[in-house]
Amino acid sequence: MRTHLAVLAAAIAVLISMPAGAMDSSYSGFATVGYAQTDTDDAYVSYAAQPEGIDSHGTLRTDSKLGFQFTSTFNSMFSATVQAIAYADLTGDWEPRLDWAYISMQPVQGVRVRAGYLRTPTFMF
């Protein structure tokens, strides 16, 4: 946690020190809406992260997600990205969570180094 705060503080320091016209920023949002229903309550399906599960009444909570991503490009070498995502948690409430928060350096074409809060890059390639 201490490392995450240090990386975030460094990113904020870089943002503050840059002239306003020197940054290029972009943002995007995304959503996944999934409805699930069984034809019987005997085949109740659930997993630990979402104990409400799926039954014969159906639900939008099990597979639905909402996300937002913001990226600032400082120059051809440095950028910073923050991504938040919200989905139903153990209590059934929709809570936003920080999914990514990192700074990126691309010293040469084809080589990129990221530092910060990252998840496993399953679909990055």
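These legends walk through several close-up views of a predicted model.

**View 1. Here's the whole sheet, strand by strand.** Five strands line up in the order E1-E4-E5-E6-E7 to make an open sheet, and their pairing is antiparallel. At the edges sit E1 and strand E7 (111-117), each of which pairs on one side only. From one strand to the next, the twist averages 20°.

**View 2. Zoom in on E1 and its partner, E4.** Strand E1 covers residues 24-32, and strand E4 takes in residues 65-73. Nine bridges hook the two together, and they run antiparallel. To find your way around this pair, look for Ala 31, which stands opposite Leu 66 in E4.

**View 3. Next up is the hairpin of E4 and E5.** These two strands form a hairpin, with four residues between them. Eight bridges join E4 to E5, and once again the strands run antiparallel. A handy landmark here is Thr 73, which stands opposite Ser 79 in E5.

**View 4. Stay with E5 and pick out Thr 81.** This residue has its place in strand E5. Is Thr 81 buried or exposed? It's buried, because its relative accessible area is just 4%, and the cut-off for buried is under 20%. The side chain of Thr 81 also makes a polar contact with the side chain of Thr 71, at 3.4 Å.

**View 5. Now follow E5 across to E6.** Strand E5 spans residues 78-88, while strand E6 spans residues 94-108. How many bridges join E5 to E6? There are eleven, and the two strands run antiparallel. One pair to look for is Ala 88 and Trp 94: Trp 94, in E6, is the bridge partner of Ala 88.

**View 6. Last stop: a nonpolar patch on the surface.** Which residues make this patch? They are Tyr 27, Phe 68, Phe 70, Val 82, Leu 98 and Tyr 117, and the patch comes to about 590 Å². Take a closer look at Tyr 27, which lies in strand E1, one of the edge strands of the sheet. Tyr 27 counts as exposed because its relative accessibility is 64%, and the cut-off for exposed is over 50%.

Conventions
Residues are numbered from 1 along each chain as its sequence is written. This is a predicted model: local features need pLDDT of at least 70, side-chain atom pairs count only at pLDDT 80 or more; totals for chains, interfaces and linings use all residues. Side-chain values use heavy atoms; hydrogens and water are left out. Patches are made of residues with over 30% relative accessible area and no salt bridge: like charges are joined within 9 Å, nonpolar side chains (Val, Leu, Ile, Met, Phe, Trp, Tyr) within 5 Å. Accessible areas come from the Shrake-Rupley method with a 1.4 Å probe; for residues, only the protein chains shown count as cover. A salt bridge is a side-chain nitrogen of Lys or Arg within 4 Å of a carboxyl oxygen of Asp or Glu. Buried means under 20% relative accessible area, exposed over 50%, partly exposed in between (1.4 Å probe, protein chains only). Two strands pair if DSSP finds at least two bridges between them. Axes are lines fitted to C-alpha atoms, for helices over the stretch in contact, and angles run from 0 to 180 degrees between N-to-C directions. A polar contact is a pair of N or O atoms within 3.5 Å; within protein, one must be able to donate a hydrogen and the other to accept it, and residues adjacent in sequence count only if both atoms are side-chain atoms.
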